[in-house]
Amino acid sequence: MVKQPVSVNGVIRWRDVGLAEDAHREPKERKMVVLRHEIGDVLRDVRQRQGRTLREVSHSARVSLGYLSEVERGQKEASSELLSSICTALDVPLSLMLREVSDRVASAEGIAIPDTVPSEFSREFAREFPEDLARDLARTP
C-alpha cells in the first residue's frame, strides 16, 4: 500500500492507495454498514470539533436534546428535514455532511476513495502546502 495525500472537505488526509495487484485479490467479507450509525458519527464529530454541547445544538436545531442524542448514537433514523435543521445549527452544509458519510460508507465497503484533486492542480498550488506535503505531491505522477 502507498499513502497519498487527499483533500477531503478542505482537510488534507492520508489515504492508502491500492496497487494494481490488489484489484485481483479475493474480496474480503464486508461488514454491514448502518447508515444511521455513520450519520450519527459524522454529526457528533462535527459538533465536538466545534466544541459545542448537545444542548446548544439541540436548541439551535429546535429538536429535543434526547432525540439529537439518539440520532448521534445511531439509535434513531433522522428525516431529511431534521438532518437539514441539525446541519444548519452546526453551520455545515448538508451536502458536506453527506459527503463525509459517503466516504465512510465507501471505506467500510472496501472501496478506495480516489483523490478528487487533479495532479496538475496539486502541483500548481503545492507551494501553499507544508514543505513535506509539497514534496510528496511533486512526486505523484
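Okay, let's start with a crossing: helices H2 and H4 cross in a right-handed way. Keep in mind that this is a predicted model. H2 covers residues 54–61 and H4 covers residues 80–90, and their axes come within 8 Å, with a crossing angle of roughly 120°. That makes the two helices oblique to each other, because 65 to 115 degrees would be roughly perpendicular and over 145 roughly antiparallel.

So who touches whom? On the H2 side we have Val57, Ser60 and Ala61, and they meet Ser85, Ile86, Ala89 and Leu90 of H4. Sorted by class, that contact has five nonpolar residues, two polar ones and no charged ones.

Stay with Val57 for a second. Skipping neighbours within four places in sequence, Val57 is in contact with Ile86, Ala89 and Leu90, and also with Arg47, Arg52 and Leu68.

Now the core. The largest nonpolar core has 19 residues, and Val57, Ile86 and Leu90 are among those with the most contacts inside it, along with Ile39, Leu43, Met97 and Val101. H1 (35–49), H2, H3 (65–72), H4 and H5 (94–108) each put in at least two residues. Which helix gives the most? That's H4, with six.

Last bit: two loop residues. Arg62 sits in the loop between H2 and H3, and Asp91 is in the loop between H4 and H5. Arg62 has a positive phi of about 60° without being a glycine, and Asp91, also not a glycine, has a positive phi of about 60° too. Buried or exposed? Arg62 counts as exposed at 80% relative accessibility, and Asp91 is exposed with a relative accessible area of 69%.

Terms used: Residues numbered from 1 in each chain as written. Predicted model: local features only at pLDDT ≥ 70, side-chain atom pairs only at ≥ 80, totals over all residues. Heavy atoms only, no water. Axes fitted to C-alpha atoms, helices over the stretch in contact; angles between N-to-C directions. Helix = DSSP H or I, 4+ residues; strand = E, 2+ residues; numbered from the N terminus. Parallel < 35°, antiparallel > 145°, perpendicular 65-115°, else oblique. Left-handed = near helix turned anticlockwise from the far one by under 90°. Contact = heavy atoms within 4.5 Å. Nonpolar A, V, L, I, M, F, W, Y, C, P; charged D, E, K, R; others polar. Core = buried A, V, L, I, M, F, W, Y, C linked by side-chain atoms within 4.5 Å. Buried < 20%, exposed > 50% of the residue type's maximum accessible area, 1.4 Å probe, protein only.
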